[in-house]
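Me: Please start with one loop and its backbone geometry, then follow the chain outward from there. I would like a connected account with the cut-offs stated.

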Amino acid sequence: MQTRRFLLAGGAALVSSNYALTAFARKGHTQVRPAATAAPQAAPVAPALTPVGPVDTAARWACILDYDSGATLLEKAADERMPPSSLTKMMTAYVTFTMLRSGRLKLDQTLPVSEKAWRMQGSRMFVPLGQSIPVQDLVQGMLIQSGNDACVVLAEGISGSEEQFVATMNDMAGKLGLHNSHFMNVTGWPAENHYMTARDVAYLALRLIHDFPEYYHFFSEKEFFFNKIRQENRNTLVVKGLADGLKTGHTDAGGFGLCASSLRDGRRVILAVNGLASSNLRARESERLLGWAFANFESAKILTKGDVVEQAPVWMGESQTVPLVVGQDFTMLLPHGWRNATHVALDYQGPLTAPLKAGQPAGQLTVTLPGGRQAAIPVVVGQDVAALGIFGRAARRLHL
């Protein structure tokens, strides 16, 4: 018969990584999310949504992800299309890193500067016309100095033209599951039909960190000298040591934006905001929201593979009970204070019938969180139990 036992109420609990809001499956790179809508004409006044209640933010668009689980900690208009400005260069970097990883491009390889690249406006690393620049310098110029000219040199050197490189960017975006992003250039220069969402920006950051650890350090460098010009990293959180990447951006249409990643006490959080009114407000608001994310959530290993949760009765076995154990390690991310409001119940078909093999599925733990969200955790048989022989069965029946 079906057996249910409530094991925990207000005690230790566990939950899978998608315990609350949107979560991303890193294996297979799939994402489930609502369809994008056009950016609103006026900045919305509604606060951001979080598992612990609404949070006010001056950002027009915002998304915060927990790196290890992919869980969404905060979102505000996170699936609306927005002008990404220089946050675009994160995708330019992703394609460039892909070429470096494959060996089609080398950091010490040099690429020529075309007149198109030399004439680029906006933020620049000031590449000299007609010269050839090492790829490593171009990557640093793109990510530290936000050089539009560096982006075009890389695009033309890798794909032959910016247009062909952009086609690769859009193809890569589809493979990554960034279905609410579309690129028209490699720099983020304002263009019709060039857009991303805050959630896509945050997830792209997650993939950059996860997929290219050998190149991620470029986002962390605080300054770069090129052509006798020193430029500081435009991400003030990096300069202040509060983040180790990733990128800033600004256009009149999109306002001031920033994507940052910060690692504190073994936890990594990724922030994407856009639509802020000034660079100073962008820095202050980003620092405040990162602090909020670290202060309001905790990550802990709650149960270990092999932990016994029940002694289940066994029918016609050499042992009359068998331990049921947790099938795998479980680490949870919870808002502070939710641990004492979490309920865990065990469900299994009992009694179990011998013979039994250690590791065979036996039921599940159901974790219920505040608000009714649930997660299921497998439970398995903890040890072998042989079936009774003929005489043993007869003796057991007589005893019963």
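Reply: P355 lies in the loop between β16 (352-353) and β17 (361-368). Helices and strands here are DSSP runs (H or I over at least four residues for a helix, E over at least two for a strand), numbered from the N terminus. The model is a predicted one, in which local features need pLDDT of at least 70 and side-chain atom pairs count only at pLDDT 80 or more, while totals for chains, interfaces and linings use all residues. Residue numbers run from 1 along each chain as its sequence is written, and side-chain values use heavy atoms, with hydrogens and water left out.

The peptide bond leading from A354 into P355 is cis, with omega near 5°. Most residues other than glycine have a negative phi, and most peptide bonds are trans. A second cis bond runs from G245 to L246, with omega near 15°. L246 belongs to strand β8.

Positive phi values also occur. S85, in the loop between β3 and α1, has a phi of about 50° although it is not a glycine. S85 has 2% relative accessibility and therefore counts as buried; buried means under 20% relative accessible area, exposed over 50% and partly exposed in between, with a 1.4 Å probe and protein chains only. N193 is another non-glycine residue with positive phi, near 70°, in the loop between α5 (162-176) and α6 (198-211). At 44% relative accessibility, N193 is partly exposed.

Strand β8, where L246 sits, leads to the sheet. Two strands are taken as paired if DSSP finds at least two bridges between them. Five strands make an open sheet in the order β3-β2-β10-β9-β8, paired antiparallel. β3 (72-76) and β8 (246-251) are the edge strands, each with a single partner, so one side of each has no neighbour in the sheet. On average, neighbouring strands are turned by 5° against each other, direction ignored; axes are lines fitted to C-alpha atoms, for helices over the stretch in contact, and angles run from 0 to 180 degrees between N-to-C directions. β9 (residues 255-264) and β10 (residues 267-276) run antiparallel and are joined by eight bridges. Across that pairing, C259 stands opposite A272 in β10. Helix α8 (residues 279-296) packs on the sheet, where it touches β2 (61-66), β3, β8, β9 and β10, and its direction makes about 145° with that of β10. Contact means heavy atoms within 4.5 Å.

β8 also has a part in covering helix α3. Seven of the nine residues of α3 (residues 135-143) are buried, so the helix is largely enclosed by the rest of the structure. These buried residues are V135, L138, V139, Q140, G141, M142 and L143. Their cover includes α1 (89-102), β4 (110-112), β5 (132-134), α4 (148-159) and β6 (223-226), besides β8.

One residue of α4 is N148, which is buried at a relative accessible area of 4%. Leaving out residues up to four places away in sequence, N148 touches K89, M120, Q121, G122, S123, R124, T187 and W189.

The cysteines come next. C151 is buried, at 0% relative accessibility. C63 is buried too, with a relative accessible area of 0%. The closest cysteine sulfur to that of C63 is in C259, 9.4 Å away and too far for a bond. The disulfide count is zero, with a disulfide taken as a pair of cysteine sulfur atoms within 2.5 Å.

Aromatic rings give eight pairs. Rings of Phe, Tyr and Trp (its six-membered ring) pair if their centres lie within 6.5 Å; planes under 30 degrees apart are stacked, over 60 edge-to-face and the rest tilted. One cluster of such rings consists of Y94, F97, F212, Y215, Y216 and F219. Separately, the charged end of R81 sits over the ring of Y195, 4.2 Å from its centre; this requires NZ of Lys or CZ of Arg within 6 Å of the ring centre and within 35 degrees of the ring normal.

For the whole protein, the secondary structure comes to nine helices and 18 strands. Of its 400 residues, 52% count as buried. Among contacts between residues at least 6 apart in sequence, 66% join residues at least 24 apart.
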